Amino acid sequence: MDNEYISRFVNSKTIRKHLNRIGYQFTTLQYAYLIWQCKTKTIAEKHKEWNKMIKTTTDCSYSSKAFPDNTSLHKLISDYIVAEDKLINRLKQSEPNTFYDCEIYEYDTWESYNGYYNTYGNCICWDFATENNYKFNITKHYIDNAECYSSYIKAFFNENGEMTDIYCSGHDGADVYKDLSDYELSLITELFDDMWFDFPTPFYKGAIVCDCFVRKPFVLTDTNPWQTERETQNRKKAKDISYKSNMDMNATGYSFDNITNTLHWDWCNYYYMDLEFYNVNNLKDGERFLKAYSMYEKDAIDIDTLLNLYQIIISEKIAQTNYSKLDCFIDEPTKRILGIDKYKGDDNYD
């Protein structure tokens, strides 16, 4: 297989370059999984790539909790494509007792956009989102009066209005599932979610990294693969890899909270395959403390030094905040006389 070609489906540039540098050899199963988790490809592009994979790779058997019978991977992928197409058609189909709403992705958060609509095509977020280069999602809600929660189908779209992901949710026997057999529903909800891999990465404890899409820096302290390796090396009863899933492919670390001026422990909050090294020169204000904490995690400084650095960095941040609130009639010469002009921060009008 063309391993450098397959690596293009890794979202992180840092990990992609590392895998190519070490000459990592992907399996057919990993190839299929990387296509599924790729956030830059549309569903149509993923389907096309899976079909190419089926034609160009040697088939292998796959088994999991949901598929225990060592089924042909090629068959599972082919059936997955059919099931996903059914779900897309169901999303677009007008039905009684359903309605649609949509959200726009703006300022790193999902915001509800206007009201509710009776058909898929009437969701007016289409034009607004694509004209303004916003990602968006559309949800079809079922009014099924369920005791627990009502069913829905949700699809995500890129800035060009192309569908990138879709999933459904509902209680047992919900009408939302009527076009899918039990087997097809298992494919949609469990085939890839049940997979877990330990891909090599160039990261280390104390590295300052970020999610390649969110770009919020944090100090990396652990990943699930590292934990698994420690348990194995220490001869503890390690969690069987067969019981690990995609939700376990996570990383943990400390980010900086600019509101409370404290570190925040983000436990298992990041998908480790989306991590990239963060440019530490971009750290500003209180986030500079991440440099100090990184040094502490790497045993380069002790706890006393870390606490002193915290006092210095946070005091400077508070001084800069208070400086920005000074009366506008205090001129620059006066500020220099008072010795406070050094606290002037960068002007940012974005």
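Glutamate 103 lies opposite serine 112 of strand E4 in this predicted model. The bridge belongs to the antiparallel pairing of strand E3 (residues 98–106) with strand E4 (residues 109–112), which extends over four bridges; two strands are taken to pair if DSSP finds at least two bridges between them. Helices (H or I, at least four residues) and strands (E, at least two) are DSSP runs, numbered from the N terminus. E3 and E4 form a hairpin with two residues between them, and tyrosine 107 in the turn has a positive phi of about 55°. Residues are numbered from 1 along each chain as its sequence is written, and side-chain values use heavy atoms, with hydrogens and water left out. Local features need pLDDT of at least 70 and side-chain atom pairs count only at pLDDT 80 or more, whereas totals for chains, interfaces and linings use all residues.

The hairpin strands E3 and E4 are part of an open sheet of five strands, ordered E4-E3-E5-E6-E7 with antiparallel pairing. Because E4 and E7 stand at the edges, each with a single partner strand, one side of each has no neighbour in the sheet. From one strand to the next, the twist averages 20°; axes are lines fitted to C-alpha atoms, for helices over the stretch in contact, and angles run from 0 to 180 degrees between N-to-C directions. Within this sheet, strand E5 (residues 135–142) and E6 are joined in the antiparallel sense over six bridges, and lysine 140 stands opposite isoleucine 153 in E6.

A further open sheet of five strands has the order E11-E10-E9-E8-E12, again with antiparallel pairing. Its edges are held by E11 and strand E12 (275–277), each with a single partner strand, so one side of each is left without a neighbour in the sheet. Neighbouring strands here are turned by 45° against each other on average, direction ignored. Strand E8 (residues 208–211) runs antiparallel to strand E9 (residues 217–223), with three bridges joining them; valine 209 has phenylalanine 218 in E9 as its bridge partner.

Helices H4 and H5 pack at an angle of about 160°, with their axes 10 Å apart. The two helices are therefore roughly antiparallel to each other (angles under 35 degrees count as roughly parallel, over 145 as roughly antiparallel, 65 to 115 as roughly perpendicular and the rest as oblique). H4 passes H5 in a left-handed crossing, that is, the near helix is turned anticlockwise from the far one by less than a right angle.

Internal space was evaluated on a 1 Å grid over the protein atoms alone: a cavity is a set of points where a 1.4 Å probe fits but cannot get out, a pocket is an open set with protein on both sides within 12 Å along at least five of seven lines, and lining residues have an atom within 4 Å of a point. One cavity of 30 Å³ or more is found, and the largest cavity holds about 50 Å³ of space. Its lining consists of Trp36, Ile43, Lys46, Trp50, Tyr80, Glu84, Thr164 and Asp165. H4 supplies the largest share of this lining, three residues.

The largest pocket holds about 1300 Å³ of space, a volume being the space filled by probe spheres set on the grid points, which are joined across faces, edges and corners. Of its 37 lining residues, Gln37, Lys39, Asp165, Phe213 and Asp274 lie nearest its centre. E7 gives the most to the lining of the largest pocket, with five residues.
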